[in-house]
Amino acid sequence: MSVEGKNRIITTQRLLEMKAKGEKIAMLTAYDYTSARIVDEAGIDIILVGDSAANVMAGHETTLPITLDQMIYHAQSVVRAVKNPMVVVDMPFGTYQGDSKQAVFSAIKIMKESEADALKVEGGAEILESLRRILSTGIPVMGHLGLTPQSIHKFGTYSVRAREEEEAKKLIEDAIALEEVGCFAIVLEKIPAELGAKVASCVKIPIIGIGAGNGVDGQVLVMHDMLGINKEFSPRFLRRYHNLYEEMLKAFRNYITDVKSGDFPNENEQY
Ligand code: KIV
């Protein structure tokens with residue numbers, strides 16, 4: 001099924017088929033028009049407008065400060081760029097936890113104003129009521145378990161989750177609950193690889209990992225991390241595909257040198 005008026009070829013149904021056929025799902029974050037166009041052309045399956053925008057776009061220490069309107073602004077920019085991938089938008093902290101009525105209001109606002117394809121929320125059993133109400137409106141929802149950055153003040157650390165049996169058991173129960181309530185996929189963040197594989201085998205919906213090993217159905221990375229624009233962030237799960245920080249630094253320095261020396265603009269670069 002494709003969405004009328006858009007060309008999207010990746011749908012919730014297609015993702016289920018991909019899992020069933022053992023085709024891996026590739027997902028990346030994007031927050032702006034220009035980079036979303038490139039990610040689309042590269043052939044990505046899902047673009048996540050992540051609330052990691054709070055970190056990499058706005059410089060906040062946690063994802064908590066980003067607002068609903070800021071997420072909508074990023075989502076609109078990405079949706080304008082994208083033809084093929086599914087666009088999933090993170091519901092920001094405080095817009096869906098606790099009050100299921102507010103959760104539906106927030107979800108509808110994001111979908112109406114951004115024209116994205118789906119939403120992502122963090123949490124398991126504790127947010128089921130909100131999830132039920134959002135899903136009842138027909139909005140597809142992706143879950144997010146394991147290290148859930150919106151709960152960083154509860155965890156106190158960004159280290160690996162669910163190493164202990166009790167937390168691992170709850171994570172599996174939560175994944176099953178998310179599938180049963182109607183989520184179309186789940187992100188699993190920073191958990192032991194063995195547990196990631198176990199969860200993926202317990203449910204029919206795709207499990208997309210970030211630091212959850214290779215036994216899951218797909219992978220997601222934050223674009224700025226995989227491009228190497230961030231020098232500080234180096235978790236074990238991160239594979240850097242470029243050293244963009246150094247490349248950009250070199251380009252900016254060369255530009256400054258050329259301006260200061262009078263080399264730029266040259267005769268061909270003026271009217
Ligand atoms: O906000 C984000 O970028 C995310 C990914 C880390 C999965 O939730």
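Colleague: Which residue follows α11, and what is the sign of its phi?

Modeller: In this predicted model, α11 is followed by Gly262, and the phi of Gly262 is positive, near 85°.

Colleague: How should I read the helix that comes before Gly262, and what span should its residues have?

Modeller: The general idea is that an α-helix has 3.6 residues a turn, so residues three or four places apart point the same way. For the case here, helix α11 covers residues 244-261, and its 18 residues, at 1.5 Å a residue, should span 26 Å; the end C-alpha atoms are 25 Å apart, which agrees with that expectation.

Colleague: What kind of peptide bond joins Phe264 and Pro265?

Modeller: The bond between Phe264 and Pro265 is a cis peptide bond, with omega about 0°, and Pro265 belongs to the segment after α11.

Colleague: Which residues other than glycine have a positive phi, and where do they lie?

Modeller: One of them is Ala162, which has a positive phi of about 60° although it is not a glycine; Ala162 sits in the loop between α7 (152-155) and α8 (165-181). Another is Lys190, whose phi is near 50°, and Lys190 is placed in the loop between β6 (185-189) and α9.

Colleague: Are these two residues buried or exposed?

Modeller: The idea to carry with you is that a residue counts as buried when its relative accessible area is under 20% and as exposed when that area is over 50%. Ala162 has a relative accessible area of 4%, so it is buried, and Lys190, at 19%, counts as buried too.

Colleague: Is Gly156, in the loop between α7 and α8, buried or exposed?

Modeller: Gly156 has a relative accessibility of 63%, and therefore it counts as exposed. Ala162, which lies in the loop between α7 and α8 as well, is buried.

Colleague: How many residues separate Gly156 and Asn214 in sequence, and what is their distance in space?

Modeller: Gly156 and Asn214 are 58 residues apart in sequence, and their C-alpha atoms are 27 Å apart in space. For another pair, take Pro206 and Lys24, which are 182 residues apart along the chain, while their C-alpha atoms are separated by 9.2 Å.

Colleague: Where is Pro206 found, and which residues is it in contact with?

Modeller: Pro206 is found in the loop between α9 (193-202) and β7 (207-210), and because its relative accessible area is 0%, it is buried. If we leave aside neighbours within four places in sequence, the residues in contact with Pro206 are Leu15, Leu16, Lys19, Ile25, Phe184, Ala185, Ile186 and Asp217.

Colleague: How can I read the chain as a whole, and what radius of gyration would a compact globule have?

Modeller: It helps to set the chain beside a simple expectation: with 271 residues, a compact globule would have a radius of gyration near 18 Å, and the chain has 20 Å, which agrees. The C-alpha atoms fill a box of roughly 65 × 45 × 35 Å along the principal axes, and the chain contains 11 helices and eight strands. Of its 271 residues, 49% count as buried, and among contacts between residues at least 6 apart in sequence, 59% join residues at least 24 apart.

Colleague: What area does the chain expose, and how many positive and negative side chains are there?

Modeller: The chain exposes about 14300 Å², of which carbon and sulfur atoms supply 52%. There are 30 positive and 37 negative side chains, and the centres of these two sets lie 2 Å apart.

How values were computed. Residues are numbered from 1 along each chain as its sequence is written. This is a predicted model: local features need pLDDT of at least 70, side-chain atom pairs count only at pLDDT 80 or more; totals for chains, interfaces and linings use all residues. Side-chain values use heavy atoms; hydrogens and water are left out. Helices (H or I, at least four residues) and strands (E, at least two) are DSSP runs, numbered from the N terminus. The radius of gyration is taken over C-alpha atoms; the globule rule is 2.2 Å times the number of residues to the power 0.38. Buried means under 20% relative accessible area, exposed over 50%, partly exposed in between (1.4 Å probe, protein chains only). Contact means heavy atoms within 4.5 Å. Accessible areas come from the Shrake-Rupley method with a 1.4 Å probe; for residues, only the protein chains shown count as cover. Lys and Arg count as positive and Asp and Glu as negative; His and the chain ends are not counted. The place of a charge is taken as NZ of Lys, CZ of Arg, CG of Asp or CD of Glu. The expected span of a helix is 1.5 Å times one less than its number of residues.
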